[in-house]
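Me: I would like to learn how to read a model like this one, feature by feature. Please give the general idea each time, and then the case at hand.

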Amino acid sequence: MINDGAVAYRGDDDDQVGPPSIPSTLKNWTWLICEHRGLVYPATAGVAELAAFLARHVEWAASREWIVDFMEEIGALRRAAHGLAPWTVHVQELVGPCPGCDLRALIRTAGEEWIECDATVGGCGGLWSLAYYNDHVSEILKGKAIS
Ligand SMILES: [Zn+2]
């Protein structure tokens, strides 16, 4: 983080090993914005209040040279939080038919290496690698091109 002369907030987890905690990161950015804008630092604010504070000042922050660092750190927090307690799971429905049962019930869940034939919609529940699925679709398309 580029502080531009501001002194970093001394977080509650400064003695910990590893990446900074969500509260500590939000406190650091809030502290920086308060220092630059002459605002009183909300010392007793929780995570939700800190996030709301940052959201209120994000337009101003967007014009600072450290906005890239801000975005990278907040983006990393978002990814970490989503990894700990996902609020959405992205499921891609594939158009090709299942190599096992020929139904169009294949899905790929974000982060998974396998393609699944969705048994909840009548599929066979089979698992296929992406490479196998791509080969299967290529073979189908070749057959359609010939006929
Ligand atoms: Zn199937």
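Me: How many helices and strands does the protein chain have?

Reply: Helices (H or I, at least four residues) and strands (E, at least two) are DSSP runs, numbered from the N terminus. By that rule the protein chain has four helices and four strands. Along the sequence their pattern is α-α-α-β-β-β-β-α. Residues are numbered from 1 along each chain as its sequence is written. The model is predicted, so local features need pLDDT of at least 70 and side-chain atom pairs count only at pLDDT 80 or more, while totals for chains, interfaces and linings use all residues.

Me: Where is confidence lowest and where is it highest among the helices and strands of the protein chain?

Reply: The quantity to read is pLDDT, the predictor's confidence in each residue, from 0 to 100. Helix H4 (residues 130–146) is lowest, at a mean of 85, and helix H2 (residues 47–61) is highest, at 95. Over residues 1–9 the pLDDT is below 50, yet this stretch has 19 contacts in the model beyond near neighbours in sequence. A contact means that the C-beta atoms of two residues, placed from the backbone, lie within 7 Å. Where pLDDT is low, the predicted coordinates should not be read in detail. For the protein chain as a whole, the average pLDDT is 85, and 86% of the residues score at least 70.

Me: In what order do the strands form the sheet?

Reply: Pairing comes before order: two strands pair if DSSP finds at least two bridges between them. Here four strands form an open sheet in the order E1-E2-E3-E4, with antiparallel pairing. E1 and E4 are the edge strands, each pairing on one side only. From one strand to the next, the twist averages 35 degrees, where axes are lines fitted to C-alpha atoms (for helices over the stretch in contact) and angles run from 0 to 180 degrees between N-to-C directions.

Me: Which residues stand opposite each other across the sheet, starting with the partner of Glu93 in E2?

Reply: E1 (residues 91–93) and E2 (residues 106–109) are joined by three bridges, and Glu93 has Ile107 as its partner in E2. Two bridges link E2 to E3 (residues 114–117), with Ile107 opposite Glu116. Three bridges then link E3 to E4 (residues 127–129). Across that last pairing, Glu116 is partnered by Leu127, and Trp114 by Ser129.

Me: How does the span of helix H1 compare with what its 16 residues should give?

Reply: The expected span of a helix is 1.5 Å times one less than its number of residues. For H1 (residues 22–37) that gives 22 Å, and the end C-alpha atoms are 23 Å apart, which agrees. After H1 comes Gly38, with a positive phi near 70 degrees.

Me: Which residues of H1 are buried?

Reply: Burial is a count: a residue is buried if 20 or more other C-beta atoms lie within 10 Å of its own, exposed if 12 or fewer, and partly exposed in between, with C-beta atoms placed from the backbone. Thr25, Leu26, Lys27, Asn28, Trp29, Thr30, Trp31, Leu32 and Ile33 are buried in H1. The buried residues of H1 pack against H2 and helix H3 (67–84). Of the 147 residues of the protein chain, 13% count as buried.

Me: Which residues make up the largest nonpolar core?

Reply: In soluble globular proteins, nonpolar side chains tend to be buried together. A nonpolar core is a set of buried Ala, Val, Leu, Ile, Met, Phe, Trp, Tyr and Cys residues joined through C-beta atoms within 7 Å. The largest has seven residues: Leu26, Trp29, Trp31, Leu32, Ile33, Leu50 and Phe70. H1 gives the most to this core, with five residues. Apart from it lies another core of six residues, among them Cys98, Leu106, Ile115 and Trp128.

Me: Is Asp102 buried or exposed, and what is its phi?

Reply: Most residues other than glycine have a negative phi, and most peptide bonds are trans. Asp102 has a positive phi of about 70 degrees although it is not a glycine. Asp102 lies in the loop between E1 and E2, and counts as exposed because it has 11 C-beta neighbours inside 10 Å.
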